[in-house]
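The exercises below ask you to read a structure step by step, each with a worked solution. Please look through the sequence and the coordinates before you begin.

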Amino acid sequence: MPSNDFKLAVLVSGRGSNLQAIIDSIERGDLNARVSVVLSNIADATALKRAEKHEIEAVFVDPTSCADKAAFDRRMIEILKARSVDLVCLAGYMRILGNKVLQAFPGRIINIHPSLLPAFPGLNPQKQAIEYGVKISGCTVHFVDDGIDTGPVILQATVPVYETDNEESLAQRILDQEHLLYPRAIQLITEDKLDLNGRIVTQK
Ligand code: GRF
């Protein structure tokens, strides 16, 4: 299939700067894919507005309108399947995906996390890095499994941590790398350049 027929769904909850980086890479011609749908669990996520600005379908899935977590997951799967998405990209999506969603898209869900995993998974990784005193941090793109930030690592990028850093300055330095790394990782998948053996990802 022509590569710009590779359909992405991007799941967001907030600002959406990684979504923007993906959109910009596509528009520059660096990433051969298209964003078919942006899904948010938060009604007023800035990311939804970014999608609309680029005429990308932006859907708010209201968790309170679903009877329970299972119903929410069913709704997500329904939307993603209806658009035949090839890859689901979590980009600041602050909700844990249920097993049913993982099973519906095996090996087809990826996430970006602002630390060098397995260091500092979960919430506030930049704060964790500063408080631990590491001298190098960075970001990780990984496949999503049923743990929190535990899936097979696809790509990582490093940044220095300075004595003068606070959470915000480190987060910004890492974010600049995220915006380069995430589109690159997606491009590798669109080109079918990754092999996954157990938890080891290699480039073909
Ligand atoms: C990024 O730091 C990402 O790594 C983490 O959440 C943040 C989302 O930022 N998972 P944005 O919404 O893409 O601007």
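**Exercise 1.** Which residues does His179 touch, not counting residues up to four places away in sequence?

*Solution.* Bear in mind from the start that this is a predicted model. Begin by locating the residue: His179 lies in helix α6. Leaving out residues up to four places away in sequence, His179 touches Ser17, Asn18 and Ala21. Next, look at how far along the chain such a partner can be: His179 and Ala21 are 158 residues apart in sequence, yet their C-alpha atoms are 5.3 Å apart in space. With Ser17 there is also a polar contact, made between the two side chains at 2.8 Å. Finally, the relative accessible area of His179 is 23%, and because buried means under 20% and exposed over 50%, His179 is classed as partly exposed.

**Exercise 2.** Work out whether Ser25 and Asn41 are buried or exposed, and describe the surroundings of each.

*Solution.* Take Ser25 first, which lies in helix α1, residues 17–28. Its relative accessibility is 3%, so Ser25 counts as buried. Apart from neighbours within four places in sequence, Ser25 is in contact with Asp30, Leu31 and Pro183. Now turn to Asn41, which is found in the loop between β2 and α2. Asn41 has 10% relative accessibility and therefore counts as buried. Its side chain makes a polar contact of 2.7 Å with the side chain of Ser13, and among the other residues in contact with Asn41, beyond its neighbours within four places in sequence, are Phe60, Phe72 and Tyr93.

**Exercise 3.** Describe the sheet, and explain why β3 and β7 each have one side without a neighbour in it.

*Solution.* Start with the order of the strands, which is β3-β2-β1-β4-β5-β6-β7 in an open sheet of seven strands with mixed pairing. Reading that order from end to end, you find β3 (57–60) and β7 (153–160) at the edges, where each has a single partner strand, so one side of each is left without a neighbour in the sheet. From one strand to the next, the twist averages 20 degrees. For one pair in detail, take β1 (residues 7–12) and β2 (residues 34–40), which run parallel and are joined by six bridges; here Leu8 stands opposite Val35 in β2. Helix α6 (residues 167–190) packs on this sheet, where it touches β1, β4, β5, β6 and β7, and its direction makes about 155 degrees with that of β7.

**Exercise 4.** Check the span of helix α3 against its number of residues, and say which of its residues are buried.

*Solution.* Helix α3 (residues 69–82) has 14 residues, so at 1.5 Å a residue it should span 20 Å, and this agrees with its end C-alpha atoms, which are 20 Å apart. The buried residues of α3 are Ala71, Phe72, Asp73, Met76, Ile77, Ile79 and Leu80. To interpret such a list, recall that an α-helix has 3.6 residues a turn, so residues three or four places apart point the same way. The cover over the buried residues of α3 includes β1, β2, β3, β4 and α4. After α3 comes Ser84, whose phi is positive, near 50 degrees.

**Exercise 5.** Which residues are found around the ligand?

*Solution.* The residues around the ligand are Arg15, Gly16, Ser17, Asn18, Gly92, Ile112, His113, Pro114, Leu175 and Glu178. Now consider the polar atoms: a side-chain N or O atom of Arg15 is 2.5 Å from an oxygen atom of the ligand, and a polar side-chain atom of Glu178 lies 2.6 Å from a ligand oxygen atom. Ile112 contributes through its backbone, where an N or O atom lies 3.0 Å from a nitrogen atom of the ligand.

Note on methods. Residues are numbered from 1 along each chain as its sequence is written. This is a predicted model: local features need pLDDT of at least 70, side-chain atom pairs count only at pLDDT 80 or more; totals for chains, interfaces and linings use all residues. Side-chain values use heavy atoms; hydrogens and water are left out. Two strands pair if DSSP finds at least two bridges between them. Helices (H or I, at least four residues) and strands (E, at least two) are DSSP runs, numbered from the N terminus. Axes are lines fitted to C-alpha atoms, for helices over the stretch in contact, and angles run from 0 to 180 degrees between N-to-C directions. Contact means heavy atoms within 4.5 Å. The expected span of a helix is 1.5 Å times one less than its number of residues. Buried means under 20% relative accessible area, exposed over 50%, partly exposed in between (1.4 Å probe, protein chains only). A polar contact is a pair of N or O atoms within 3.5 Å; within protein, one must be able to donate a hydrogen and the other to accept it, and residues adjacent in sequence count only if both atoms are side-chain atoms. A residue is near a molecule or strand if one of its heavy atoms lies within 4 Å of it.
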